[in-house]
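This briefing goes through one protein chain, topic by topic. Please keep the sequence and the model at hand while reading.

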Amino acid sequence: MREKGIRGIWRWILVFTAVLMAVLLVLTARQAGPENLSGKSGSLHKWDTGWYYNAKDGTKQTCRVPSRINTGGGGFILHQTVPDFLEEDKYLGFLNHYQQVEVFIDGESRYRYTEEQTGWFRSMMGNTLCMIKLNREDAGKDIEIRFGGFYKHMQGQIPVIYLDSRESLLLHVWMQEQPKLIFCLVLLVLSAGLFLLWLLLRVREEVRVSSVFHAWVFILVSALWILTDSRIMIFLVPWPRFICLISFYAFYMIPIPMLSFISEVCGRKSVMLDWMKIILACNVLVQSLLYLTGVCELMNMLPVTHLLYGATIICSVLYMAKELRSSKAQYAKIFFIGVFFLMFMAAVSLLSFYTGVGSRYAMYYQLGLLGFMCALICMTIRQVNEILEDRTGDRILEELAYMDVMTKLGNRSAYEMRLQKLQETMSLGQELSAVMADLNGLKKVNDTLGHKAGDEMIKGCAKCLQEAFCGFGEIYRIGGDEFLILLRHLQSIRTWEENLKEAQEKYNSEHEVKISIAAGLATGRKAGESDKWLHELIEQADKNMYENKKSSRE
């Protein structure tokens with residue numbers, strides 16, 4: 001009952017969160033985006049010297065590019081003089097990471113990337129490439145780059161600043177983000193493979209493999225986060241704030257399918273993991289509400305999500321460590337190693353996020369994710385193999401339970417089950433035919449040539465019946481040398497006696513021990529809900545068979 005209550009809470013939270021996420025995505029998609037980007041190859045030159053800013057005491061402080069600056073809670077302004085250049089124009093460019101930017105030339109505003117540009121709905125500063133066109137007439141003028149709106153309190157980030165052609169800047173960004181794009185493509189291929197595997201197991205094999213489904217969702221969400229967190233998206237979608245919101249939601253949702261996968265792999269439900277999923281979903285819901293109402297920015301609430309990530313990893317490790325002591329969870333050792341590696345690399349990634357410059361944190365997480373994926377795929381393949389082996393074994397046992405081993409026809413149990421099904425599915429007045437068949441002279445062959453020869457005769461009889469009624473009748477061996485054939489549409493084949501006679505002649509021409517089959521036909525119609533008519537039909541077929549046997553002796 002407690003688990004059902006948790007699942008009910010989980011469903012409602014998921015529904016409300018999904019609706020709120022959809023509203024936020026629609027509203028954010030209406031925000032203005034940067035210009036469409038495309039470019040050609042070219043050289044690239046850093047503009048990393050001569051920059052300074054005014055310290056709190058009013059003195060000019062030179063700064064390295066890139067670096068971090070203690071802002072004291074406000075913004076800061078970089079100063080420089082525009083150099084001389086021969087070209088008609090140059091572009092000042094840098095990769096901006098969640099910061100507001102304004103660029104002035106001799107006090108004239110040349111570029112703005114601020115929250116106020118987004119209009120009535122709350123903004124979000126995402127990853128983007130800032131490019132400012134400089135003319136030859138700007139040479140010798142003062143340039144100011146004002147940074148603000150930092151997601152890390154009292155700490156601003158100075159990115160690498162370039163001064164070169166527009167094409168060179170675009171090519172540089174593209175080449176920098178190529179590894180992430182390739183990694184995402186690999187994840188998407190793996191995700192597609194797991195999805196196809198899940199469909200195959202569920203539809204074709206009629207097996208529900210939840211762990212494969214959760215693995216597919218986990219890989220897909222992870223690929224979505226890595227892709228949207230990279231700057232490669234500036235070449236694909238002209239809405240940085242919208243992409244940023246998708247990136248946040250993908251990052252929020254990563255642990256949820258992972259926890260579901262762990263539960264499925266270990267083969268036992270965990271209340272601890274279920275509650276952890278509810279807490280993670282509540283985190284998405286609460287942060288979305290706070291962001292929508294303007295109480296707090298998503299970037300400022302990111303440490304809460306990081307803490308929940310740490311709690312998720314700890315809960316997962318504790319749960320799997322406990323399950324490893326049971327015999328049912330021995331196959332989780334490789335997966336446990338993958339989780340531990342992911343935990344370690346996630347810690348390194350968080351450390352890099354709060355102490356480093358740039359977006360190297362994503363690289364560490366990708367390494368951990370890669371190791372985790374290898375373990376996840378190994379466990380998925382192994383679990384699928386176990387399920388298929390169990391299902392194959394069950395199918396073999398089921399077939400053996402309803403199959404006559406000697407003739408490979410249906411046995412008496414299959415025959416009785418078929419009679420019951422026919423009684424339930426046939427409509428009143430529907431016609432059914434039954435042919436009873438029996439071997440002539442089997443006892444004599446057993447007494448003179450041995451039971452092995454008699455068994456060969458029984459197999460020969462089954463073969464002849466299969467050739468005579470192939471595709472038109474259901475054949476069962478209901479006794480030692482007694483066979484029954486049920487036909488729904490007898491008129492769809494030519495005279496059955498001729499078919500059976502030709503099959504016997506063909507068999508006898510190829511074998512030393514000849515066979516002779518006596519057979520009798522009876523046809524009837526369903527007359528009521530009782531199965532009495534079926535037994536009467538079979539009895540009549542049996543009588544007709546004995547009449548045929550008697551006439552063949554004479």
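**Positive phi in two loops**

Lys-408 sits in the loop that connects α9 (361-401) with α10. The model is a predicted one. In it, phi of Lys-408 is near 65 degrees, a positive value in a residue other than glycine. Most residues other than glycine have a negative phi.

- Lys-408 is exposed, with a relative accessible area of 54%.
- Another positive phi, near 50 degrees, belongs to Asp-106, which is likewise a residue other than glycine.
- Asp-106 is found in the loop between β6 (100-105) and β7 (108-113).
- The relative accessible area of Asp-106 is 49%, and the limit for exposed is over 50%, so Asp-106 counts as partly exposed.

**The chain as a whole**

- The chain contains 14 helices and 15 strands.
- It has 554 residues, of which 48% count as buried.
- About 28100 Å² of the chain is exposed, and carbon and sulfur atoms supply 58% of that area.
- Of the contacts between residues at least 6 apart in sequence, 77% join residues at least 24 apart.

**Annotated transmembrane regions**

- An unreviewed UniProt entry carries the annotation "transmembrane region" for residues 12-29, 180-200, 207-227, 239-262, 274-292, 304-322, 334-357 and 363-381.
- Residues 274-292, one of these spans, are 100% helix and 0% strand in the model, and their end C-alpha atoms lie 27 Å apart.
- Residues 304-322, also among the annotated spans, are 100% helix and 0% strand, with 27 Å between the end C-alpha atoms.

**A four-stranded sheet and its helices**

- Four strands form an open sheet in the order β13-β14-β12-β15, and their pairing is antiparallel.
- β13 (474-477) and β15 (517-525) are the edge strands; each has a single partner strand, so one side of each is left without a neighbour in the sheet.
- From one strand to the next, the twist averages 20 degrees.
- Helix α12 (residues 451-469) packs on the sheet, where it touches β12 (431-439), β13, β14 and β15. The direction of α12 makes about 10 degrees with that of β14.
- Helix α13 (residues 496-510) lies across β12 and β15, and runs at about 155 degrees to β15.
- β13 and strand β14 (residues 482-487) run antiparallel and are joined by four bridges.
- Within β14, Phe-483 is the bridge partner of Arg-477.
- Strands of a sheet pair through backbone hydrogen bonds, either parallel or antiparallel.

**Arg-418 and its contacts**

- Arg-418 belongs to helix α10 (residues 412-425).
- Is Arg-418 buried or exposed? Its relative accessible area is 18%, and buried means under 20%, so Arg-418 counts as buried.
- Apart from neighbours within four places in sequence, Arg-418 is in contact with Glu-474, Tyr-476, Leu-486 and Arg-488.
- Glu-474 and Tyr-476, two of these contacts, fall within the residue range of β13 (474-477).
- Leu-486, another of the contacts, falls within the range of β14 (residues 482-487).

**Aromatic pairs**

- The structure holds 10 aromatic pairs.
- In one of them, the ring centres of Phe-76 and Phe-147 are 5.1 Å apart and the planes are at 25 degrees, so the pair is stacked.
- Phe-76 lies in strand β4 (residues 76-81) and Phe-147 in strand β9 (residues 142-148), so the pair ties together parts that are 71 residues apart in sequence.
- Both rings belong to buried residues: the relative accessible area is 6% for Phe-76 and 3% for Phe-147.
- Phe-195 and Trp-216 form a tilted pair, with 4.6 Å from centre to centre and 40 degrees between the planes.
- This pair links distant parts of the chain, with Phe-195 in helix α2 (residues 166-204) and Trp-216 in helix α3 (residues 210-229), 21 residues apart.
- Phe-195 is partly exposed, with a relative accessible area of 27%, whereas Trp-216, at 18%, counts as buried.
- Phe-76 and Phe-147 also belong, together with Phe-94, to one aromatic cluster.

Conventions
Residues are numbered from 1 along each chain as its sequence is written. This is a predicted model: local features need pLDDT of at least 70, side-chain atom pairs count only at pLDDT 80 or more; totals for chains, interfaces and linings use all residues. Side-chain values use heavy atoms; hydrogens and water are left out. Buried means under 20% relative accessible area, exposed over 50%, partly exposed in between (1.4 Å probe, protein chains only). Contact means heavy atoms within 4.5 Å. Accessible areas come from the Shrake-Rupley method with a 1.4 Å probe; for residues, only the protein chains shown count as cover. UniProt positions are given in the numbering used here, feature names are shortened, and annotations may be inferred rather than shown by experiment. Two strands pair if DSSP finds at least two bridges between them. Axes are lines fitted to C-alpha atoms, for helices over the stretch in contact, and angles run from 0 to 180 degrees between N-to-C directions. Rings of Phe, Tyr and Trp (its six-membered ring) pair if their centres lie within 6.5 Å; planes under 30 degrees apart count as stacked, over 60 as edge-to-face and the rest as tilted.
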